[in-house]
Every structure is written in C-alpha cells, then in structure tokens.
Amino acid sequence: MQVYIDFLLTAIRTTDQQVFFLENKSCSVSDDHYLEMGQTLSLEDTIRAEAKSHNNVHLMLVDGMSKLMTRQVENCVSSDFYVGGLKWNIVILQQQDCLYYVLVITDSKCIGSNWKVNCNVKLTIYSATSPFLNHNRWTWFCFDANNTTLLVSIPVKNMQELYTVNDKSVFSAEITNVNPQSLDVGWNPRTMGTAENIKLMEVERNKSKFTWKITHFSTFVSEHHSSYQFTVGPRKWYLRMYPKGTLEGKGNSLSLYLHASDYVTGPNTKTLAVFKLRVLDQLKRNHHEIGQQFWFGSDGQKGEPKFLALEELHKASNGFLVNDQIYIGVEFFYISTTENMI
C-alpha cells in the first residue's frame, strides 16, 4: 500500500497524467437516508443506512480529520474491501491546501500491462448537515496498468466548513458494473455494503515510549536481534536491530526497524503509527532519531537500513555506546484504531 501512497504524492506534486482527477462540479443530491420518521439520523446511523441499501459501497468514517488537514498525519488508508472479486482501498491525503480523496485498485491480480477493469464509480463526501450538500462524483472509468487510481480534490477550507463535524468526516466509494478483462476473477455478489470507523488518536505521553537496553553489544554474532513485545494502541510491537546492518546498510550502518505484531483489539486491519526511532546519547542526551509514518499490515515493518553509521555509533564522544551498552527506543505520537460498523 505504501507504494501506491508514494506514487500518489509524487503524481499530485507533478500533475502526472497517470492519476485521473474527477472534475469538481457543484454538489449534487444523494439518496436521502438522513431522515427517518421525521428525525435527523446521526452520522453513524446514516452510514449504516447507506451500507444496507447499497450492496457495492464501502464507507469510511474518519475520526480525527484535523490531524489530516494539518498534516500531523500524512494520510488515512481504509481497510481492504472487495467488489467484483477485486481488492480496493480508499486513501485520504492532504497536499497543497487541498484534500485528496482517492480510490485505488490494489488487487494482486492486477499486475503487468495486459489487464483492464471497467466499472461505474460514485465517490461521495458526506455533508455534515444535509444530503443535498453531499459532494458526489459519478464516472465510468477504466482501471488499467496506467490508471490504477481515481481521485477527487476539495479545498481544505471547504472540507472543514461543509464536510467535517466534531472532527469527523465520512467518505464512500460505490463501485458497480465491474467488468474485468484479461483477469481470472470469480466472486459472489455482495448482499450489503461495508463500513468502518477509523480513529486517528494522539498517544498518551505516559504510554508513548519504549526503551530497549542492550548490554554486551560487541558480543552479538547473529544478523539481527529483537526486543520483547510491548503494546501501544490496538497492536503489539517490537524493535529489531541489525548491529552490522542489512540491505544497503550492511557493513556500514546499524539498521533499526519497528515491527507490528499481534492485534490486541479491533479487526485485523491496517494500523497507522506516527513514531520516531532513536538511539540514545548517554552522555549529552543528543539522541539520534528519525521520524516515520506508516500503515502496518498484519506483519509489517518500517525503519531504516542505514539508521546510524557504524563510525558514528562507535565514536566515544557521541555517547551512543558506553561500556559496551546501548539504549534503543521508539516514541509513538499518533496511532489509529479501526472498528467495523456493520
């Protein structure tokens, strides 16, 4: 998934034609599921009503929009969902004073150059006040090797004023009339839409740090060593360190990674972590650290093969390695939780 996100960011900055932008037009009317027996439905009830009445829709409630719109969190990624026997994702990101709402086909069958998926797509950003103000975009689209993403942009100011309430916004993608070409796809028709609530949370300061003390560092002979597991948010995590490096850091750097492990709560879906990896300076507290943002899958990892040059690690004045002892740590700033709503 990170490959798609990196591609999107590059394409948005360079107006790459491989990303298809739906033209922004005036808002249009959506099916009215806001009113029931004369009463206004809550955001959550509206989502459930939409999912029950549209089999091929996936809805994503994002709780913590301010973190996206101020770029404290770079992007929000939906759980994998399947329509027409193919895997899709929704990505929300902010660039250049605009919020970008992206539908991406991410199925492993869609590789190489000789494939196409024709379909009808409706992308919606739900109004916080009235279905008559929903931001709807309809199109027939051909996904292929050169067009794997369909994208809508909206000014951040409009998003804040019209489509966000209590720091929450709702996005949906409805995909119909899916017609794969040169793909071996089989599926059972969906009987109901899917919906999820993704919460972007700041990690409490007293629960945000983990420090790993390693003694007798020079005696390590194995390629890598792992810390014991610890819990932050909905997941267990551990650090993995390569004392003599791996990949492009092999032989010249200490490599350091954060690994996601078991799920403690919620569905087994992607988890966002915004964090810093660090090696502590034991003399002057001038720690060496690198910030990261990543959506971890069921067994994901994120880090740096060239985290700290071995020359810098062993330089006594830096204070990283004292009496053959090193402290390695991670600090979490933001994390996501996901709840299925159907």
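Q: What share of the contacts in the protein chain between residues at least 6 apart in sequence joins residues at least 24 apart?
A: It comes to 69% in this predicted model. A contact here is a pair of heavy atoms within 4.5 Å.

Q: What does the secondary structure of the protein chain come to?
A: Five helices and 22 strands. Buried residues account for 54% of the 342 residues. As for the surface, the chain exposes about 16000 Å², with 47% of that supplied by carbon and sulfur atoms.

Q: What makes F210 and F230 an aromatic pair, and is that pair stacked or edge-to-face?
A: Their ring centres are 4.1 Å apart, and the limit for pairing is 6.5 Å. The planes differ by 15°, and anything under 30 degrees counts as stacked, so stacked is the word. This pair belongs to a count of 13 aromatic pairs.

Q: How do you know that the F210 and F230 pair links distant parts of the chain?
A: Check the strands: F210 is in β14 (residues 209–214) and F230 in β16 (residues 230–232), 20 residues apart.

Q: Why does F210 count as buried or exposed, whichever it is?
A: F210 has 7% relative accessibility. The cut-off for buried is under 20%, so F210 makes it. F230 passes too, with 10% relative accessibility, so it also counts as buried.

Q: Why is the pair of W237 and F296 called edge-to-face?
A: The ring centres are 5.1 Å apart, and the planes stand at 85°. Edge-to-face needs planes over 60 degrees apart, so the label fits.

Q: What parts does the pair of W237 and F296 tie together?
A: Strand β17 (residues 235–242), which holds W237, and strand β20 (residues 288–296), which holds F296. The two parts are 59 residues apart in sequence.

Q: How do you know whether W237 is buried or exposed?
A: Its relative accessible area is 0%. That is under 20%, so W237 is buried. F296 gets the label on a value of 0% as well.

Q: Which residues do ring pairs link into a cluster?
A: F210, Y228, F230, W237, F275, F294, F296 and F332.

Q: What makes R235 a charge that sits over the ring of W237?
A: The charged end of R235 is 5.9 Å from the centre of that ring. The distance limit is 6 Å, and the charge must also be within 35 degrees of the ring normal. R235 also lies over the face of Y263, at 3.8 Å from the ring centre.

Q: What is notable about phi of S182?
A: Phi is near 60°, a positive value, and S182 is not glycine. S182 is found in the loop between β12 (168–181) and β13 (194–202). At 56% relative accessibility S182 is over the 50% cut-off, so exposed is the right term.

Q: Where is R285, and is it buried or exposed?
A: R285 sits in the loop between β19 (271–279) and β20. Its relative accessible area is 67%, over 50%, so R285 is exposed. Phi of R285 is positive too, near 60°.

Q: What makes the meeting of D80 and K270 a salt bridge?
A: The N to O distance is 2.4 Å. The limit is 4 Å, so the pair qualifies. The structure holds 10 salt bridges.

Q: How do you know that D80 and K270 link distant parts of the chain?
A: D80 is in the loop between β5 (75–77) and β6 (81–83), while K270 is in the loop between β18 (253–263) and β19, 190 residues apart. K270 is buried at 13%, whereas D80 is partly exposed at 35%.

Q: Why is the meeting of E289 and K276 a salt bridge?
A: The N to O distance is 3.2 Å, within 4 Å, so the rule is met. E289 is in strand β20 and K276 in strand β19, so the pair ties together parts 13 residues apart in sequence.

Q: Why does E289 count as partly exposed?
A: At 33% relative accessibility, E289 falls between the 20% and 50% cut-offs, so neither buried nor exposed applies. K276 is partly exposed too, with 29%.

Q: How do you know that E312 forms a salt bridge with K315?
A: The closest N and O atoms are 3.5 Å apart, and 4 Å is the limit. E312 is partly exposed at 30%, as is K315 at 37%.

Q: Which residues do salt bridges that share partners join into one network?
A: K276, R278, E289 and E331.

Technical notes
Residues numbered from 1 in each chain as written. Predicted model: local features only at pLDDT ≥ 70, side-chain atom pairs only at ≥ 80, totals over all residues. Heavy atoms only, no water. Helix = DSSP H or I, 4+ residues; strand = E, 2+ residues; numbered from the N terminus. Buried < 20%, exposed > 50% of the residue type's maximum accessible area, 1.4 Å probe, protein only. Areas by Shrake-Rupley, 256 points an atom, 1.4 Å probe, with all protein chains shown as cover. Phe/Tyr/Trp six-rings, centres within 6.5 Å; stacked < 30°, edge-to-face > 60°. Salt bridge = Lys/Arg side-chain N within 4 Å of Asp/Glu carboxyl O.
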